[in-house]
Amino acid sequence: MRAIVLDGDDRYRITELDTPAPGPGEVALRVAYAGVQWGDTMVKDGLFPVPRPFVPGFEASGHIVAVGPGVDENRVGEAVTALTAGGAHAEVVVVPAVLALAVGELPLRTAAAFGWSTPTAYDLVHTVARVRAGDRVLIHGAAGAVGGQAAQFARLAGAGRIVGVAGSAGRAAYAAGSGFDEVLLRGDLPAGLGDERFDVVLDPVGGPTRLAGLRALAPHGRLVAYGALGGHAPVLADTDALLGDGGSLMTYNGALLSRTHPERLADSARRALGLLAEGRISVDVTAEYDPAELGLAVRRLREGATHGKSVLRVAGGFDTPPGPAGA
């Protein structure tokens, strides 16, 4: 099979590899589309160490072509979206059967964009923060795939006011179409919030943004940390102050959940898929790339030039001469 490999020299290359076979509890998926997400930038930048050469890609859609021991053989031919630990930027990827979710008539391009971002947004709103009717919600990273979908889920949960935060005017303008009541620029914080307090703050940024989020919590407010886009500087929280206001600082790690309790992640993903199939939420695919353009896709994501979700067209996309797939 053809695959994109990230080598030790930090370059992507298209190469031929042996087609993987599923083991116990696994399925092999012929990939139609693969998502491009923040984990790809972390691997490329060495922030998420993996042995190299490494086939990147953490989310895919396509059809199951083989099953391993313990998996229902009737799943062969099923159209699925799959969450992986890597390997999705290839013609075939092996994934845990529990994290290969049937998508029915959902277009495979949309199913790949569903990826990790949609179940993450669902869990942030429903499982961790437990947004309630009337809650005031502050969402950082509003122009990203998770932020935009978190706003949609919060609205469905009955949130009374949803404020987004974006890193630039262009990203703020894009985020305004995702259902936010207001979108602020990160550079205008914390002054831009004035005296407003929030019942829920969703923060993938960290650092000073996290400290400002803690200060912006209303009584019994909940801040959920689920990333550190702004760097990994320690954030010290005053637990006595949180206790006095009934506040909570919580975290969410979907990658860890996929290893420790994959059935919980799968349950959330199926619920989110149902809402997507019903048209109650949407996934915005704003860019599509061929395999030879993966380097460009990752670079644009890292630089903040990407809004919403990007996908890699795998089926048919490798039909170019093998060679570098971008720096």
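**Exercise 1. Start at Gly 158 and work back into the helix before it: what span should H4 have?**

Just after H4, Gly 158 adopts a positive phi of about 95°. This is a predicted model, in which local features need pLDDT of at least 70, side-chain atom pairs count only at pLDDT 80 or more, and totals for chains, interfaces and linings use all residues. Residues are numbered from 1 along each chain as its sequence is written, and side-chain values use heavy atoms, with hydrogens and water left out.

Step 1. Helices are DSSP runs of H or I with at least four residues, strands are runs of E with at least two, and both are numbered from the N terminus. Helix H4 covers residues 145-156, twelve residues.

Step 2. The expected span is 1.5 Å times one less than the number of residues, so H4 should span 16 Å.

Step 3. The end C-alpha atoms of H4 are 17 Å apart, which agrees.

**Exercise 2. Find how many residues of H4 are buried, and what they pack against.**

Step 1. Buried means under 20% relative accessible area, exposed over 50%, and partly exposed in between (1.4 Å probe, protein chains only). Ten of the twelve residues of H4 are buried, among them Gly 147, Gly 148 and Phe 153.

Step 2. Contact means heavy atoms within 4.5 Å. The buried residues of H4 pack against elements including helix H3 (117-128), strand S8 (136-140) and helix H9 (262-277).

**Exercise 3. Classify the aromatic pair of Tyr 122 and Phe 153, then the pair of Phe 54 and Phe 58.**

Step 1. Rings of Phe, Tyr and Trp (its six-membered ring) pair if their centres lie within 6.5 Å; planes under 30 degrees apart count as stacked, over 60 as edge-to-face and the rest as tilted. The count comes to three aromatic pairs.

Step 2. Phe 54 and Phe 58 are 6.5 Å apart centre to centre with 35° between the planes, a tilted pair. Phe 58 is buried because its relative accessible area is 7%.

Step 3. Tyr 122 and Phe 153 are 5.5 Å apart centre to centre with 90° between the planes, an edge-to-face pair. Tyr 122 lies in H3 and Phe 153 in H4, so the pair ties together parts that are 31 residues apart in sequence.

**Exercise 4. Which strands are the edges of the open sheet of six?**

Step 1. Two strands pair if DSSP finds at least two bridges between them. The order is S10-S9-S8-S11-S12-S13, with parallel pairing.

Step 2. The edges are S10 (182-185) and S13 (248-251), each pairing on one side only.
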